[in-house]
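Student: I have a protein model open on my screen and I would like to learn how to read it. Could you walk me through some of its features?

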Amino acid sequence: KTPLRIGIVSDTHLRSGDVTLPAPLVRGLEGVDRIIHAGDWTHPDVIPLFERIAPVDSVAGNNDGPDIVRRFGRIALLELGGRRIGLIHGDGPYASTEERAWRAFQHNDVDIIVFGHSHVPYMEERQGVVLFNPGSPTDKRFQKRYSYGILEIRDGTFRLEHRFFDKKD
């Protein structure tokens, strides 16, 4: 049985006009069954770039306008391949990004919590739940490399990993 392959992306921060996705990201997402985006698209023109690759599940981030918020909402609970995935951007006051993501779903029965906002690749298992931030494939900020994630689900088990690249072309 072939695994369900899911690309995980966040914080693309692309603008309207001649927007293109980085070539290493497009190559890395080839053949995925679905894409999960944890928000901060910044412009609706970016969404079809991902939809050409695979169906998209998403939430809006703090840099997304009302059109993206209306389309995706700010929090989602997905069921894919028999696994429950909490999805949130992770912005807000008082706590770290991962702590805000954890608190958003700590009373839900989830296997994975996907979040973004910090642009920092992150993976931690906490009380049997994997918290995962893919980083950003377009705006690495203070990180050494651009990044995204790949989730494979097969027969109820899953494997999550970060994928890194240096240049956008």
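**Reading a model, feature by feature**

Tutor: Let's begin with burial: His-13 has a relative accessibility of 18%, so His-13 counts as buried. The cut-off behind that word is a relative accessible area under 20%. Keep in mind that this is a predicted model.

Student: Where is His-13, and what is its phi?

Tutor: His-13 sits in the loop between β1 and α1. Its phi is positive, about 45°, although His-13 is not a glycine. As a general idea, most residues other than glycine have a negative phi.

Student: Which other residue that is not a glycine has a positive phi, and is it buried or exposed?

Tutor: Look at Gln-127, where phi is near 50°. You will find Gln-127 in the loop between β7 (122-126) and β8 (129-133). Gln-127 has a relative accessible area of 71%, so it is exposed.

Student: How should I read the side chains along a strand?

Tutor: The general idea is that in a regular strand the side chains alternate between the two faces of the sheet. Strand β4, residues 75-80, shows this. Ala-76, Leu-78 and Leu-80 point to one face and are buried. Ile-75, Leu-77 and Glu-79 point to the other face and are not buried.

Student: Which strand pairs with β4, and in what sense?

Tutor: β4 pairs with β5 (residues 83-88) in the antiparallel sense, over 6 bridges. To find your place, put Leu-77 opposite Gly-86 in β5. The two strands form a hairpin with 2 residues between them. In the turn, Gly-81 has a positive phi of about 60°.

Student: What is the order of the strands in the sheet?

Tutor: The order is β4-β5-β6-β8-β7, in an open sheet of 5 strands with mixed pairing. β4 and β7 are the edge strands, each pairing on one side only. On average, neighbouring strands in this sheet are turned by 20° against each other, direction ignored.

Student: Where can I see a parallel pair?

Tutor: Try β6 (residues 112-114) and β8, which run parallel and are joined by 3 bridges. Within this pair, Val-114 stands opposite Phe-132 in β8.

Student: Which helix lies across these strands?

Tutor: Helix α4, residues 97-105, lies across β4, β5, β6, β7 and β8. It runs at about 125° to β5.

Student: Next, a charged residue. Is Asp-11 buried or exposed, and what is the nearest side chain of opposite charge?

Tutor: Asp-11 is buried yet has no salt bridge. The nearest side chain of opposite charge is that of Arg-141, 5.8 Å away. For a salt bridge, the nitrogen and oxygen atoms must be within 4 Å. You can find Asp-11 in the loop between β1 (4-9) and α1 (23-29).

Student: With which side chain does Asp-11 make a polar contact?

Tutor: The side chain of Asp-11 makes a polar contact with the side chain of His-119, at 3.3 Å. Beyond four places in sequence, Asp-11 also touches several other residues, including His-37, Asp-40 and His-89.

Student: Where is His-119, and how accessible is it?

Tutor: His-119 lies in the loop between β6 and β7. Its relative accessibility is 1%, so His-119 counts as buried. Its side chain also reaches the backbone oxygen of Asp-139 at 2.7 Å. Among the other contacts of His-119 are His-13, Asn-133 and Arg-141.

Student: How many salt bridges does the structure hold?

Tutor: There are 13. In one of them, Arg-71 and Glu-51 meet at 2.5 Å, N to O. This pair links distant parts of the chain, with Arg-71 in helix α3 (residues 66-72) and Glu-51 in helix α2 (residues 47-51), 20 residues apart. Arg-71 has a relative accessibility of 47%, so it counts as partly exposed. Glu-51 is partly exposed as well, at 36%.

Student: With which residue does Arg-74 form a salt bridge?

Tutor: Arg-74 forms one with Asp-91, the closest N and O atoms being 2.8 Å apart. Here Arg-74 is in the loop between α3 and β4, while Asp-91 is in the loop between β5 and α4, 17 residues apart.

How values were computed
Residues numbered from 1 in each chain as written. Predicted model: local features only at pLDDT ≥ 70, side-chain atom pairs only at ≥ 80, totals over all residues. Heavy atoms only, no water. Helix = DSSP H or I, 4+ residues; strand = E, 2+ residues; numbered from the N terminus. Buried < 20%, exposed > 50% of the residue type's maximum accessible area, 1.4 Å probe, protein only. Lys, Arg positive; Asp, Glu negative; His and termini not counted. Polar contact = N/O pair within 3.5 Å; in protein donor to acceptor, adjacent residues only side chain to side chain. Contact = heavy atoms within 4.5 Å. Pairing = 2+ DSSP bridges. Axes fitted to C-alpha atoms, helices over the stretch in contact; angles between N-to-C directions.
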